[in-house]
Amino acid sequence: AFKSLQRYYSTTQHIQTVGVIGGGQMGSGIAQVLSQAAKKNVIVVDLNKQVLEKSLAGITSILDKNVAKGKMSDLEKSDILKRLSFSDSLKSLANADFVIEAVIENAEIKCNIFKELDQIVKKEAILATNTSSISITKIAAATKRPQNVIGMHFMNPVPVMKLVEIIPGISTSEETQNITNQLTKDMGKVHTVARDTAGFIANRLLMPYINEACQAVYEGLGTIEDIDTTMKLGCNMPMGPLTLADFIGLDTCLSIMKVLQAELGDKYKPSPLLIRYVEAGKFGKKSNEGFYSYFIPASNTFK
Ligand code: NAI
């Protein structure tokens, strides 16, 4: 049994620096946990400098809360922050041993990034993607090292949620998978393995449920609050599907539904209401408005 476990996990001692591409809600969370739990040096890359500032501010505020609650010392906080750095150029990842990509859910953008990354990062480095639904095999094919490319699908919010879905593509090597399994463990997470099919396991099951909730609003089955409360209190869901959709990001939900529809057919057709919200720029919590409003009233700003 020990031997088979050894085969399942490989050492990650050689991984000193991890690159995270995309400093949005997922990228920030992944960067925090890589530094905090796995004790790796992390370089976060985003095109948008404001996103990088927001990412550092967001992580600092979470750590401050942990210190205030007595869950973490000031020294631990400053060590976590010391291991984090931020950049607006992929070139700063030249010495990374492992890279996790978490930019917007768009196949063309992800493939272009992997193509560029392949030429920048040392050839033995592993390139992982946090995509929710796009084919790992397709992203891997944009590189000359498909054996070193893998799906590493974190759940939101990353510091809280235990699971990571690991998705080997058709060409992914066993070694790449074993190192990724171990890095996931180093981050304090538990992994499952999913086959490289649209939406993998989590979103194949979750997104049709969220989409159906959007359709329920569209058809007037009940109010937004009644639909959420019914599922929360009636089915013991930790939160209603529309609240969850706002947390995930309605743009991300729509992109995932489109991938499911393209691969699996019209059973997975996005609800027209989901499309309308995204057209309106109402992406949920990250844009301050979705099914619910998240604006901070002006009177509270200076409290
Ligand atoms: P987000 O919109 O918060 O962040 C995306 C970031 O990518 C933005 O900061 C944007 O500036 C950056 N970006 C876009 N193009 C870029 C480029 N060419 N180079 C560098 N940065 C670039 O989105 P979120 O929610 O963090 O999602 C990111 C990825 O994680 C997506 O693939 C999504 O499907 C996946 N995911 C999302 C989950 C969620 O609940 N939101 C859960 C699990 C995975």
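Which residue has a polar backbone atom 3.1 Å from an oxygen atom of the ligand? In this predicted model, that residue is Gln25. A second backbone contribution comes from Val103, where an N or O atom lies 3.2 Å from an oxygen atom of the ligand. Side chains take part as well: an N or O atom in the side chain of Lys286 is 3.1 Å from a ligand oxygen atom. Taken alone, the ligand exposes 840 Å², and 88% of that area is buried by the protein.

The elements that supply two or more residues to the shell around the ligand are α2 (25–36), α5 (107–120) and β6 (149–154). Of the shell, the largest share belongs to α5, which gives three residues. In total, 23 residues surround the ligand, and the closest are Asp46, Glu105, Lys110, Ser132 and Ile248. By class, the shell divides into 11 nonpolar, eight polar and four charged residues. Both domains take part in the shell, since domain 1 (2–193) and domain 2 (203–287) each provide at least three residues.

A further site to consider is the second largest pocket, with a volume of about 210 Å³. Its lining consists of Glu105, Asn106, Ala107, Ser133, Ile134, Ser135, Lys138, Ser255, Lys258, Val259 and Glu263. Glu105 is listed both in this lining and among the residues closest to the ligand. Helix α11 (residues 250–264) makes the largest contribution to the lining, four residues. The lining comprises three nonpolar, four polar and four charged residues. Because domain 1 (2–193) and domain 2 (203–287) both give residues to the lining, the second largest pocket lies between them.

The backbone has two further features that deserve attention. Most residues other than glycine have a negative phi, and most peptide bonds are trans. Against that background, Asn156 and Pro157 are joined by a cis peptide bond, with omega about -5°. Pro157 is placed in the loop between β6 and β7 (163–168); the strand β6 is also one of the elements that give two or more residues to the shell around the ligand. The other feature concerns Phe200, a residue other than glycine whose phi is positive, near 50°. Phe200 belongs to the loop between β8 (190–193) and α8 (202–218).

Notes
Residues numbered from 1 in each chain as written. Predicted model: local features only at pLDDT ≥ 70, side-chain atom pairs only at ≥ 80, totals over all residues. Heavy atoms only, no water. 1 Å grid on protein atoms, 1.4 Å probe; cavity = no way out; pocket = protein on both sides within 12 Å on 5 of 7 lines; lining within 4 Å. Points joined across faces, edges and corners; volume = space filled by probe spheres on them. Nonpolar A, V, L, I, M, F, W, Y, C, P; charged D, E, K, R; others polar. Domains from an automatic or database assignment. Near = heavy atom within 4 Å. Polar contact = N/O pair within 3.5 Å; in protein donor to acceptor, adjacent residues only side chain to side chain. Areas by Shrake-Rupley, 256 points an atom, 1.4 Å probe, with all protein chains shown as cover.
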